[in-house]
Amino acid sequence: MDLRLVLCLMSASLVTEGSHDCTWTETVTPPTDLTVTLKGIGFINSTWTWKLPSYLENSTKEIKFESVFKYDGAEWDERKRKKDMTREDKVILNQGITFRVKALAINGDTCQESNWTEKYIPPAEGDANTAVRNFGCIFYNLEYINCTWDIGSKTPANTVYNFNYWQKGMDVIQNCTSYISKDGRLNVGCHLQRDQFDDEQDLHICVSGNSSSAKIKPFFYNLEAASFVQLSPPWGINISKMNKVFWINWSPAAHWNQKCVIYEIRRKSSMSSDWIVHELSSFKTSNPEMKIPDADPNVKNVVQVRARYNICGDDGIWSEWSEEEYFGEDIGPGWNWKIALLIIVPILVAAAAITLLTYLKQLQILILPPIPDPGKIFKGMFGDSSGNDVMWSKQTKESLIFKAEEEIVHQVTTVEQLQATFAEKEGDLGEAEKLEVEETAVIFVDEASLLDNNSVHFNLVTS
């Protein structure tokens, strides 16, 4: 039975009938011989009994008993008023428990009460740091249970753990027959097959340890029926289309009670990276089916399903998501405008920069014209006449270009040199010959140089 239901029934059994508006006085002898009997392990059954004072056994007063208990460091809880001299509760022994009871005598408008009679049950022996930590169990797909834990912070290395469990209806405490190893250490978990426990009863667990170095503190735990169930992912997912609307259905396990299972569906399209989650209520049929809302048939979509066991208000553990299923028209990856902008913008900027530079170059030529090259202006000034002076004189000024590309060197004889030569030979010449030399001026022209269009050299000899 679910723990919350148990507590609800226990609260409903709180006896308040016969309450009176009166002032209570401590004039009654308290109950005697308070004892407690524990049965089971973990979340155990405790039976509290006490006796009525002897002088009240034949009293005509209405006698009731108020009882309450608490764990170490907690507040008083579960107050009850009953005529019975016994009380039963489920308790867990990880901490010490204090139980107390007092008698109430009511006679008309006279209300009397006794002092409390208390009983303390200490916790199990051992350092709290030697008890197991991070204990947890999972009931996989309602088929088997795996319980695992971590060793205590002060647990000796030679500690060997023992896993024991008990359920209502069992005559003896059961021992684990299949231990789980983790991180190279033995006995840090227990595996229970489906035929080793009753899934309709709470599982009361005790993990104790044995060590020659220290006293290992046992750890007690109670597993509620539905709070640790984890189903397998739904399978056999099928997607159909009717009147432009998509429907999804799947095949749950045959041993699932569909009234106790809820589902979640998540979907996303190729145009988005965010999942859209829809939670579904329980189905009464063995073939769950639902409409996929807001699904665009013009894009590719992916959908997954998971399940959770939910019974009597207790939420189990979500299963893993099912395998991905696709539907809708596969149009390929959508156009990514961010990538397009990264490509187009640099191209536009480069084209604008080239256009601007070209415009600025033309503008520079208009504002600052280039300086003329004299070599180009006077090119062919003298070379185009080919020695014809008349033709050269008729050329335009722009074509009169002197271009001395090759230098022609001729020996020049000065007049002084000729006179010195003639003076030496004057004695050998006659009078007639001397006169001819003095009156004659000879001009030598290099005809070869006149034929050269690029340079003209004159050698003038006079006497």
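Lys102 and Glu113 pair up in a salt bridge, with their closest N and O atoms 2.9 Å apart. That contact links distant parts of the chain, since Lys102 sits in strand S7 (residues 97–107) and Glu113 in strand S8 (residues 110–113), 11 residues apart. Keep in mind that this is a predicted model. Below are the other salt bridges worth a look, then the nonpolar cores and a greasy-side-chain patch on the surface.

**More on the Lys102 pair**
- Lys102 counts as buried because its relative accessible area is 10%, under the 20% cut-off.
- Glu113 is buried too, at a relative accessible area of 14%.
- Elsewhere, Lys80, Arg87 and Asp89 are joined into one network by salt bridges that share partners.

**Other salt bridges**
- The count comes to 11 salt bridges.
- One of them is between the side chains of Arg81 and Glu66, at 2.9 Å from N to O.
- Arg81 belongs to strand S5 (residues 77–82) and Glu66 to strand S4 (residues 62–71), so this pair ties together parts that are 15 residues apart in sequence.
- Which partner is buried, and which is partly exposed? Glu66 is buried, with a relative accessible area of 7%, whereas Arg81 is partly exposed at 21%.
- Asp84 and Lys82 also form a salt bridge, and here the closest N and O atoms are 4.0 Å apart.
- Asp84 is partly exposed, with a relative accessible area of 42%, and Lys82 is partly exposed as well, at 24%.
- As background, side chains of opposite charge can pair when their charged atoms come close.

**Nonpolar cores**
- The largest nonpolar core has 46 residues, and the members touching the most other members are Phe135, Ile145, Phe163, Ile205 and Ile248.
- Another core lies apart from that one; it has 22 residues, including Trp48, Leu56, Ile97 and Val101.
- In soluble globular proteins, nonpolar side chains tend to be buried together.

**A nonpolar patch on the surface**
- Not every nonpolar side chain here is tucked into a core: Leu356, Leu357, Tyr359, Leu360, Leu363, Leu366, Ile367 and Leu368 form a nonpolar patch on the surface.
- Together these residues have about 870 Å² of accessible area.
- Where does Leu363, one of the patch members, sit? Leu363 is in helix H2 (residues 337–367).
- Leu363 is partly exposed because its relative accessible area of 33% falls between the 20% and 50% cut-offs.

Conventions
Residues numbered from 1 in each chain as written. Predicted model: local features only at pLDDT ≥ 70, side-chain atom pairs only at ≥ 80, totals over all residues. Heavy atoms only, no water. Core = buried A, V, L, I, M, F, W, Y, C linked by side-chain atoms within 4.5 Å. Buried < 20%, exposed > 50% of the residue type's maximum accessible area, 1.4 Å probe, protein only. Patch = residues over 30% accessible without salt bridge, like charges linked within 9 Å, V, L, I, M, F, W, Y side chains within 5 Å. Areas by Shrake-Rupley, 256 points an atom, 1.4 Å probe, with all protein chains shown as cover. Helix = DSSP H or I, 4+ residues; strand = E, 2+ residues; numbered from the N terminus.
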